[in-house]
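Dear colleague,

I am passing this structure on to you, since you have not worked with it before. Please look it over first, and then read the notes below, which go from one residue to its surroundings and then to the chain as a whole.

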Amino acid sequence: MKNTLKNIWSKLSPAYRRVGLVEAKVNDLAKQVDNVAFQLKSEADQLWMKNCWLSCDASGVTEVKRSPELVVSLTTIPQRINTVHLTIESIFQQSTKPDAVILWLDEDNFDEESIPWMLRKLESRGLEIKFCEDIKSYKKLVFTYEERPEAAIVTADDDLVYPSTWLEKLYKRHLEEPSCVICHRGHWVNLSEKRELLVYQQWEMETQQAGPAYNIFPTGSGGVLYPPGSINDKLPDKEMYFKLCPTNDDFWFKAMTMLNSSKAICIPGGMMSDANAMIVRGSQAFSLCSQNVGHDRNSEYGEVFTHFDLVKMFE
């Protein structure tokens with residue numbers, strides 16, 4: 001019987017292998033088609049944002065303000081100052097409008113005369129441009145928190161075109177869970193059997209676990225909503241965050257919310273996953289992230305979570 005089965009398999013296996021090769025080629029072609037379709041959609045979305053920016057005069061923020069306010073806060077760098085208007089336009093085009101959109105520019109690189117006309121046009125529709133000390137990527141949250149501590153603050157990156165329901169989904173989930181930090185994209189912090197932090201690469205990337213949980217680690221690129229009271233007053237401690245997390249603001253922001261016992265929720269669906277994020281063309285030549293090369297993420301999150309004795313809060 002054994003020899004008979006071997007003979008049958010020897011005759012069938014070449015056919016199965018051919019089917020496998022064909023299936024692999026079909027799958028590869030399908031991925032290529034998906035990539036092309038995604039690129040075409042990305043280009044179409046950016047063209048639409050350019051058209052909106054050129055032709056739209058409507059306010060991008062609410063006329064009657066909420067209480068507490070819903071504020072979108074972001075920053076940029078000189079290399080992106082001529083493309084960030086597309087990101088802001090996508091925020092202005094949201095189905096749920098924010099009460100304010102604030103762009104923080106550092107005084108070392110910008111002044112009133114250096115602001116491009118693309119951004120000046122957006123000022124007339126509600127954009128607030130503010131100058132500040134250069135504290136790198138921390139600018140997108142620290143100064144808005146200091147100015148408007150009672151607001152629900154949503155941080156955004158400067159190189160993405162945000163889908164039209166991006167803010168609506170964050171805000172709707174916030175209304176359901178008003179004490180939780182809400183994100184579109186997050187990782188799940190994993191511990192070893194000895195309840196020690198595993199290295200960053202062993203976390204569950206782009207987790208599908210919704211929470212609420214301390215283990216959900218929001219990533220800034222997808223947008224993060226911080227409700228009033230969710231952030232510890234130590235947030236603006238520049239000496240401390242540059243000591244513990246000099247290049248990774250997400251670690252510091254996560255620690256500050258855990259100090260205030262704020263759990264996080266990740267919205268399912270992958271709207272802002274790496275596979276779905278619409279990157280503004282021409283914005284990737286230089287980024288704040290590129291300055292992080294050579295820095296050890298594992299040492300930075302390990303230091304901040306250990307310093308504040310936060311590991312015990314993870315599941």
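Two residues are said to be in contact here when they have heavy atoms within 4.5 Å of each other. Please keep in mind throughout that this is a predicted model.

With that meaning of contact, a good place to begin is Gly 186, which lies in strand E7, residues 186-188. Once its neighbours within four places in sequence are set aside, Gly 186 is in contact with Glu 204, Met 205, Glu 206 and Thr 207, with Phe 217, Pro 218 and Thr 219, and with Cys 266. Gly 186 has a relative accessible area of 1%, and because buried means under 20%, it is counted as buried. Gln 208 is 22 residues away from Gly 186 in sequence, while the distance between their C-alpha atoms is 8.5 Å.

One of the contacts of Gly 186, Cys 266, deserves a closer look. Cys 266 has a relative accessibility of 4% and is therefore buried as well. If a disulfide is taken as a pair of cysteine sulfur atoms within 2.5 Å, the count for this model comes to 0. Cys 266 accordingly takes part in no disulfide, and the nearest cysteine sulfur, which belongs to Cys 183, is 4.1 Å away.

Another buried residue is Arg 80, which sits in the loop between strand E1 (70-75) and helix H2 (84-92). Its relative accessibility is 5%, so Arg 80 falls in the buried class. The side chain of Arg 80 makes a polar contact, at 3.5 Å, with the side chain of Asp 159.

How many of the 9 residues of helix H4 are buried? The number is 7, so this helix, which covers residues 139-147, is largely enclosed by the rest of the structure. The buried residues of H4 are Lys 139, Lys 140, Leu 141, Val 142, Phe 143, Thr 144 and Tyr 145.

As for the chain as a whole, there are 8 helices and 11 strands, and buried residues make up 48% of its 315 residues. Among the contacts with a separation of 6 or more, 83% are between residues 24 or more positions apart. The accessible surface of the chain is about 15800 Å², and carbon and sulfur atoms account for 54% of that surface.

With best wishes

Terms used
Residues are numbered from 1 along each chain as its sequence is written. This is a predicted model: local features need pLDDT of at least 70, side-chain atom pairs count only at pLDDT 80 or more; totals for chains, interfaces and linings use all residues. Side-chain values use heavy atoms; hydrogens and water are left out. Buried means under 20% relative accessible area, exposed over 50%, partly exposed in between (1.4 Å probe, protein chains only). Helices (H or I, at least four residues) and strands (E, at least two) are DSSP runs, numbered from the N terminus. Accessible areas come from the Shrake-Rupley method with a 1.4 Å probe; for residues, only the protein chains shown count as cover. A polar contact is a pair of N or O atoms within 3.5 Å; within protein, one must be able to donate a hydrogen and the other to accept it, and residues adjacent in sequence count only if both atoms are side-chain atoms.
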